[in-house]
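Me: Hi! Could you walk me through a metal site and a pocket in this one? I'll throw in questions as we go.

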Amino acid sequence: MREGFGEKKQPIMKILVIGMVILSICLAVCIVLVSTLRSTYSDEISADFQAHHISSGEKLDATIRSGIEVVESAADVMGSAAASYINTEIYRVLSDYDHFSMLETLAFVGNNGRVYYRDKEYSASLLGEPLKELQDHMRTADGTYIGVTISSGDGMPHILIVVPVNLENRSYGYLAATMKIDDIFEGGEFNYQNDMGECYLTDRNGIIMSRSSDASITPEESEDFCLSILEYSDGKEDSKKAVQALTNAYRGNSAGFVTIKTRRAQSLQISYYPLSSVPSLFFISCYNDNLVDDKVQPLLFRSVLSCIIIVVLMIAIIVYVWATSKRANITIEKLAYEDPVTKGKNINYFKEFASHIMAVFKETPFVIYRFDILNFRYINEAYGHIRADEILTSCITNFASVFSEKELCVRMDADQFLAILENDKEIGQRLDRLAKNVNEDARGRGIKYPIRFKTGVYQIRKHDHDIDVMIDRANVARKTLKGDDSEMTAYYSEKIVQNMRKLDRIESDMQKALANGEFKIYMQPKWDIYLNRIAGAEALVRWVREDGSILYPDEFIPIFENNGFIEKLDFYMLEMVCQKMHEMIEAGNTIYPVSVNQSRMLLHSADYVTNVKRIIEKYKLPEEAIELEITESVFLDDRNSMIQIINQLKQCGVRLAMDDFGSGFSSLNMLKDVSFDTVKIDREFFAESVTTERNRWILQKIVELAGGLDMEVLCEGVETEEQVSILKALGCRMVQGFYFSKPLSEEEYIALYCRANIMV
Ligand code: C2E
Ligand code: MG
Ligand code: MG
């Protein structure tokens with residue numbers, strides 16, 4: 001609970017989601033690109049193949065036509081040689097044209113029944129059946145004959161070109177030439193076709209005359225192209241229609257292409273082109289899908305590879321960003337939520353945790369503890385910072401082991417802690433255990449000084465209240481505790497709030513009150529019990545508000561000491577007292593020495609002595625008319641410089657009194673270092689002194705000691721006649737107390753004691 005409650009969705013989640021979306025878009029774009037690329041390539045290759053097919057067909061036509069032209073020009077020349085039947089002339093013409101490479105054979109068939117081939121003469125009957133057919137044809141038609149025939153010699157198909165040899169309208173025979181078509185596709189112009197697929201020459205009945213050497217679509221033994229294609233197809237209606245369209249194209253002698261689906265679900269494109277040079281011949285090229293894939297694949301591969309690289313890079317970037325921001329988040333979280341000293345949580349975390357825990361456990365009663373360690377300064381100074389820090393850490397670690405997951409303790413700063421605890425029956429035991437564990441820990445580290453907590457407690461009433469207010473309230477309670485160990489725990493209450501309000505009011509009104517003269521001097525006479533008459537007075541401040549209500553020093557002096565205003569007030573009081581005495585002297589009144597209280601703070605003011613001197617001189621009062629009362633607590637500060645200041649004060653012509661002697665620890669020490677004029681025995685110390693014989697004896701020795709040091713002793717808070725008698729018996733001459741007089745207003749004091757102009 002303590003750790004996990006605040007795990008928020010990190011911005012990294014957002015980054016991951018965005019990353020995944022980008023990734024998906026990338027992949028989708030990649031897939032779309034690849035598929036469009038494939039179909040574009042497929043279309044392009046199809047068109048390209050078609051174009052190559054036609055141009056190859058045209059080239060084939062051109063080749064055959066040039067063969068025909070060679071034979072026709074040979075026939076022109078042969079006319080005169082044939083007319084004379086001079087063998088040598090015939091052989092010469094034949095050898096002149098025989099070397100044209102596209103012609104395989106060139107022979108002259110004379111009407112004389114003889115066949116001349118190369119430099120030999122044969123009987124026409126040797127030419128076999130096919131030629132006989134031609135002879136018949138030649139007899140009926142005059143023009144050049146071009147056709148395909150199966151040679152009786154090698155059993156292979158050939159293109160047969162037969163051209164009549166005439167001279168002056170008289171026929172002497174004909175030239176017969178053959179062009180081999182078996183290896184016709186080996187030429188360079190068919191490279192593309194052969195690379196992409198395979199080529200065929202068929203006659204118009206679909207009988208295969210020639211095919212590429214690596215042709216595989218039609219079986220070698222098959223002669224019928226259409227039938228083979230049908231077998232190669234998937235046999236579905238569409239494919240049958242395509243084959244039918246091919247058959248129709250044969251009949252119509254037209255060019256074009258059809259596509260069939262093969263048994264392997266590939267597309268086979270068949271392009272057909274009727275050769276114009278040989279009417280009965282069709283040039284056919286085929287290629288199928290996997291050929292497209294062969295072309296497209298490297299490109300696809302490269303595209304896919306690029307996509308994969310991009311995706312991998314993106315993943316790497318996302319992972320990097322994720323890892324870096326996670327690290328940054330941890331650091332930020334540490335800075336935001338961790339206390340650097342104890343490595344526990346800090347106040348920011350506490351606030352979130354407390355709000356959360358109260359929202360979840362609505363019915364559970366909780367309390368806020370705001371505590372610090374008593375005299376932690378001492379631990380710091382005596383054992384050093386490192387040890388002191390270890391104690392702070394020990395508080396946090398022990399808390400975690402003693403308290404439940406619903407509870408949390410954090411260090412705020414210095415030795416200030418803050419905890420939210422479940423307010424159940426065992427809370428006291430748990431706190432005791434915490435203190436015990438911390439102390440054991442401390443002892444283990446060599447710290448003998450007891451670790452004790454001063455705690456302000458706020459009991460949470462409404463779980464939905466502002467956590468800051470709750471913390472403040474616990475702190476308000478803590479602040480009511482004094483710096484000592486007299487009280488260790490304070491609970492927030494309405495009374496505390498009222499006091500706070502009062503304090504606020506005092507602080508906001510003090511300046512105005514000073515300016516308006518609301519701080520009044522009250523005089524409490526000091527009494528000489530030997531002579532039983534007034535011997536002086538102590539000036540005591542009263543705050544008389546505009547509405548007539550009176551505030552006593554105990555209510556505001558500590559506040560002024562805290563906020564520094566006491567300095568102004570004390571100088572004001574000193575000046576007012578001096579001014580009053582000056583006026584009284586001027587008016588011819590009797591005056592008695594008056595003592596004025598000086599706060600401990602005042603002595604720290606840089607020009608304190610100068611100011612006192614200035615005021616005393618300003619009102620030209622008789623020597624020792626003014627006595628300054630300084631409490632022994634000033635020596636808790638820098639002892640030597642305090643002694644120096646007090647001695648300087650003595651030079652200003654004022655008397656010095658040590659106030660509240662016996663209320664602290666250093667009283668006797670002070671007597672040793674500074675020669676005061678008066679020692680004022682503290683009211684409570686005195687009250688106690690007169691209770692037992694033993695105490696009385698101590699008091700008597702103090703009186704004797706002071707007397708021995710040439711100091712006057714004054715007892716404060718004398719309230720009864722019995723006390724007066726005891727003091728008389730002890731040899732204490734001066735007293736101050738309600739028995740003789742309460743503090744009086746200026747007017748009362750003057751009226752009662754200062755009417756005659758006598759200076760005592
Ligand atoms: P303090 O200097 O010890 O003054 C004596 C206090 O004891 C006075 O209280 C006085 O009214 C009271 N007191 C005198 N006789 C009796 C008695 O018989 N019984 C009882 N119960 N009390 C008696 P006060 O006026 O309330 O002053 C309290 C403290 O406030 C003073 O103690 C003094 O330390 C401080 N204080 C008063 N005026 C000033 C001032 O102008 N400046 C400074 N810095 N402190 C002042
Ligand atoms: Mg006093
Ligand atoms: Mg006093």
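**Metal site and pocket**

Reply: Happy to! This is a predicted model, and in it aspartate 659 bridges the magnesium ion (ligand 2) and the magnesium ion (ligand 3), which lie 3.9 Å apart.

Me: Cool. Which residues coordinate the magnesium ion (ligand 2)?

Reply: Glu538 (OE), Asn597 (OD1), Glu629 (OE) and Asp659 (OD) do, at 1.9 to 2.3 Å. Along the sequence, the spacing of these donor residues reads E-x58-N-x31-E-x29-D.

Me: And which strands do glutamate 538 and asparagine 597 lie in?

Reply: Glutamate 538 is in strand 18 (residues 533-544) and asparagine 597 in strand 20 (residues 594-598), so the pair ties together parts that are 59 residues apart in sequence.

Me: Is glutamate 538 buried or exposed?

Reply: Glutamate 538 is buried, at a relative accessible area of 3%. Asparagine 597 counts as partly exposed, with 24% relative accessibility.

Me: Switching topic: what volume does the second largest pocket have?

Reply: About 920 Å³. It is lined by 28 residues, and the closest to its centre are Lys479, Thr480, Leu481, Leu503 and Asn562.

Me: Which helix gives the largest share of that lining?

Reply: Helix 12, with eight residues. Strand 12 (366-373), helix 11 (467-479), helix 12 (494-515) and helix 13 (553-563) each supply at least two.

Me: How many of the lining residues are charged?

Reply: There are 10 charged residues, along with 10 nonpolar and eight polar.

Me: Last one: where does the pocket lie relative to the domains?

Reply: Domain 3 (338-492) and domain 4 (520-754) both contribute residues to the lining, so the second largest pocket lies between them.

Definitions and conventions
Residues are numbered from 1 along each chain as its sequence is written. Chains are lettered from A and ligands numbered from 1 in the order in which they are written. This is a predicted model: local features need pLDDT of at least 70, side-chain atom pairs count only at pLDDT 80 or more; totals for chains, interfaces and linings use all residues. Side-chain values use heavy atoms; hydrogens and water are left out. Donors are N, O and S atoms within 2.8 Å of the metal (3.2 Å for Na, K and Ca); water is not among the atoms, so sites may look incomplete. Helices (H or I, at least four residues) and strands (E, at least two) are DSSP runs, numbered from the N terminus. Buried means under 20% relative accessible area, exposed over 50%, partly exposed in between (1.4 Å probe, protein chains only). On a 1 Å grid over the protein atoms alone, a cavity is a set of points where a 1.4 Å probe fits but cannot get out, and a pocket is an open set with protein on both sides within 12 Å along at least five of seven lines; lining residues have an atom within 4 Å of a point. Grid points are joined across faces, edges and corners, and a volume is the space filled by probe spheres set on the points. Ala, Val, Leu, Ile, Met, Phe, Trp, Tyr, Cys and Pro count as nonpolar, Asp, Glu, Lys and Arg as charged, and the others, Gly among them, as polar. Domain bounds come from an automatic or database domain assignment.
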